[in-house]
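These notes are meant for a colleague who is opening this structure for the first time. Please read them with the sequence and the model side by side.

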Amino acid sequence: MKLKNILKTCGIFHILLGLFIIFLLIFSVKTIAGNVSGETLRLVRGTADVVAASNMGIGFLLIYCSSIKDKASLRKVLSGELALM
């Protein structure tokens, strides 16, 4: 598999994970949280918002980086993605 395809695939997975987290926050809070206080729910939502936004940002960045022509630079980006994981 080419390095560009790997970057695009990882980027798409990051975006899908971010969208999935946002979907969970919007539609299924009552089923997941149950009887949790409002303060705890706000704390969890705030943290999950940050994680979802960073996943989506990383996904778009990886898709953008897939247009790099230099193989050494692509390997550096992939090694950074591996360290992030």
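Is Arg45 buried, partly exposed or exposed?

1. Arg45 counts as partly exposed, because its relative accessibility is 35%, a value that lies between the under 20% of a buried residue and the over 50% of an exposed one. The residue lies in helix α3, and its C-alpha atom is separated by 14 Å from that of Gly34, which is 11 residues away along the chain. Please keep in mind throughout that this is a predicted model, and that the points below describe that model.

2. Helix α1 covers residues 3-27, and its length can be checked against a simple expectation: at 1.5 Å a residue, its 25 residues should span 36 Å, and its end C-alpha atoms are indeed 36 Å apart, so the two values agree. The buried residues of α1 are Leu3, Leu7, Cys10, Gly11, His14, Ile15, Gly18, Ile21 and Leu25, and several of these names return in the contacts described further on.

3. Helix α3, which runs over residues 38-65, passes the corresponding check, since its 28 residues should span 40 Å at 1.5 Å a residue and its end C-alpha atoms are 40 Å apart. Within α3 the buried residues are Ala48, Ala52, Asn55, Met56, Gly59, Leu62 and Cys65, and the cover over these buried residues includes α1 and α4.

4. How do α1 and α3 pack against one another? Their axes are 7 Å apart and make an angle of about 160°, which means that α1 is roughly antiparallel to α3. The crossing of this pair is left-handed, and the contact of α1 with α3, sorted by class, has 18 nonpolar, five polar and three charged residues.

5. Asn55 gives a residue-level view of α3, the helix in which it is placed. With a relative accessible area of 10%, Asn55 is buried, and, when residues up to four places away in sequence are not counted, it touches His14, Ile15, Leu17, Gly18 and Ile21. Of these, His14, Ile15, Gly18 and Ile21 are themselves among the buried residues of α1.

6. Leu62 is another residue of α3, and at a relative accessible area of 5% it is buried as well. Leaving aside neighbours within four places in sequence, Leu62 is in contact with Leu7, Cys10, Gly11 and His14, and also with Val77 and Glu81. Although Leu62 and Ile12 stand 50 residues apart in sequence, their C-alpha atoms are 8.6 Å apart in space.

7. Which residues bring α3 and α4 together? From α3 come Ile58, Leu62 and Cys65, and these meet Leu74, Val77, Glu81 and Leu84 in α4; by class, this contact has six nonpolar residues, no polar ones and one charged one. The axes of α3 and of α4, the latter being residues 71-84, come within 11 Å and cross at roughly 160°, so α3 is roughly antiparallel to α4. Here too, α3 passes α4 in a left-handed crossing.

8. The remaining pair to consider is α1 and α4, which pack at an angle of about 30° with their axes 10 Å apart, and α1 passes α4 in a left-handed crossing. On the α1 side the contact is made by Leu3, Lys4, Ile6, Leu7, Cys10 and His14, while α4 contributes Lys71, Leu74, Arg75, Val77, Leu78, Glu81 and Leu84. The residues of this contact divide into eight nonpolar, one polar and four charged.

9. Is Leu82, in contrast to the buried residues discussed above, buried or exposed? Leu82 counts as exposed, because its relative accessibility is 62%, which is over the 50% cut-off for that class. Its place is in helix α4, and Leu82 lies 62 residues from Phe20 in sequence and 21 Å from it in space, C-alpha to C-alpha.

Technical notes
Residues are numbered from 1 along each chain as its sequence is written. This is a predicted model: local features need pLDDT of at least 70, side-chain atom pairs count only at pLDDT 80 or more; totals for chains, interfaces and linings use all residues. Side-chain values use heavy atoms; hydrogens and water are left out. Helices (H or I, at least four residues) and strands (E, at least two) are DSSP runs, numbered from the N terminus. The expected span of a helix is 1.5 Å times one less than its number of residues. Buried means under 20% relative accessible area, exposed over 50%, partly exposed in between (1.4 Å probe, protein chains only). Axes are lines fitted to C-alpha atoms, for helices over the stretch in contact, and angles run from 0 to 180 degrees between N-to-C directions. Angles under 35 degrees count as roughly parallel, over 145 as roughly antiparallel, 65 to 115 as roughly perpendicular and the rest as oblique. A crossing is left-handed if the near helix is turned anticlockwise from the far one by less than a right angle, and right-handed if clockwise. Contact means heavy atoms within 4.5 Å. Ala, Val, Leu, Ile, Met, Phe, Trp, Tyr, Cys and Pro count as nonpolar, Asp, Glu, Lys and Arg as charged, and the others, Gly among them, as polar.
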